[in-house]
Every structure is written in structure tokens, then in C-alpha cells.
Amino acid sequence: TSTSTDRSVFATYELAAVEPPGNMDTGQTQVHIPLDTMHSLNSQNNKIIWAIHVQGDIPFWPDLKEEYPVAIAPIPVGQIASL
């Protein structure tokens, strides 16, 4: 047996651009997940893991590069017909 990991970036979005840098103390944004994408999955032999990668280029400071795993739930069966 062997173990392998495949990674695939299927979308890249710019969620915020803050100018001037002094305005970046707090904030929020939204991410819209396309309806035809696969939800998170954790089975005995396979996983689908969603993650948000945050990258920040900050003048005169070390740049920011973080990854945050997120759980994406499937659409409930009763709501699929109405979409």
C-alpha cells in the first residue's frame, strides 16, 4: 500500500485590498462557494479538505502567509430542488 496526497487549487479570489496599510486593523468579508463543488469529506481512505490561504504583503513588516482549514457542509437534500 502507499499513501499519496493530491492538492489542487480550483479558485483564487482577492478578498481584500487595504490602502493605506494603516487601515487594516479589523475587517470582514464573504466567500461564495460555487454550488457545483464538492463538500468536505473524511472517510476511511479519502479526504477532501477545504482551506483558505491568506497572504498579506505588508510594507516594512514580515509578510503574512497563513492557512485555515474550513469545513464545507453538503447542501441539504430538501434545498437542492429549489436551487
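Before I start, a note to self on words: a residue is buried under 20% relative accessible area, exposed over 50%, and partly exposed in between, using a 1.4 Å probe and protein chains only.

**Entry 1: ground rules.** I'm looking at a predicted model, where local features need pLDDT of at least 70 and side-chain atom pairs count only at pLDDT 80 or more, while totals for chains, interfaces and linings use all residues. Residues are numbered from 1 along each chain as its sequence is written, and side-chain values use heavy atoms, with hydrogens and water left out.

**Entry 2: confidence.** I looked up pLDDT, the predictor's confidence in each residue, from 0 to 100. The chain averages 81, and 89% of the residues score at least 70. By element, E1 has the highest mean pLDDT at 91, and helix H1 (residues 77-80) has the lowest at 73.

**Entry 3: layout.** Helices (H or I, at least four residues) and strands (E, at least two) are DSSP runs, numbered from the N terminus. I find one helix and four strands, in the order β-β-β-β-α from the N terminus on.

**Entry 4: the whole chain.** How much of the chain is buried? Just 5% of its 83 residues. The chain exposes about 8100 Å², with 54% supplied by carbon and sulfur atoms; such areas come from the Shrake-Rupley method with a 1.4 Å probe, and for residues only the protein chains shown count as cover. I also checked contacts, meaning heavy atoms within 4.5 Å. Of those with a separation of 6 or more, 26% join residues 24 or more positions apart.

**Entry 5: Val9.** Val9 lies in the segment before E1. Why do I call Val9 exposed? Because its relative accessible area is 69%. Val9 and Trp50 sit 41 residues apart in sequence, yet their C-alpha atoms are 9.9 Å apart in space.

**Entry 6: Ser40.** Ser40 is also in the segment before E1. I count Ser40 as buried because its relative accessible area is 19%. Leaving out residues up to four places away in sequence, Ser40 touches Ile48, Trp50, Val70, Ala71 and Ile72. What does the side chain of Ser40 reach at 2.8 Å? I found the backbone nitrogen of Ile72 there. For a polar contact I need a pair of N or O atoms within 3.5 Å; within protein, one must be able to donate a hydrogen and the other to accept it, and residues adjacent in sequence count only if both atoms are side-chain atoms.

**Entry 7: Ile33.** Ile33 is placed before strand E1 (41-42). With a relative accessible area of 33%, Ile33 is partly exposed. Beyond its neighbours within four places in sequence, Ile33 contacts Trp50 and Ile72. Ala11 is 22 residues from Ile33 in sequence, with 9.9 Å between their C-alpha atoms.

**Entry 8: a surface patch.** I also met Ile33 in a nonpolar patch with Tyr13, Leu15, Val31, Ile52, Val54, Leu64, Tyr68 and Val70, together about 700 Å² of accessible area. The elements giving two or more residues to the patch are strand E3 (50-56) and strand E4 (64-70); E4 gives the most, three residues. Patch residues have over 30% relative accessible area and no salt bridge; like charges are joined within 9 Å, and nonpolar side chains (Val, Leu, Ile, Met, Phe, Trp, Tyr) within 5 Å. A salt bridge is a side-chain nitrogen of Lys or Arg within 4 Å of a carboxyl oxygen of Asp or Glu.
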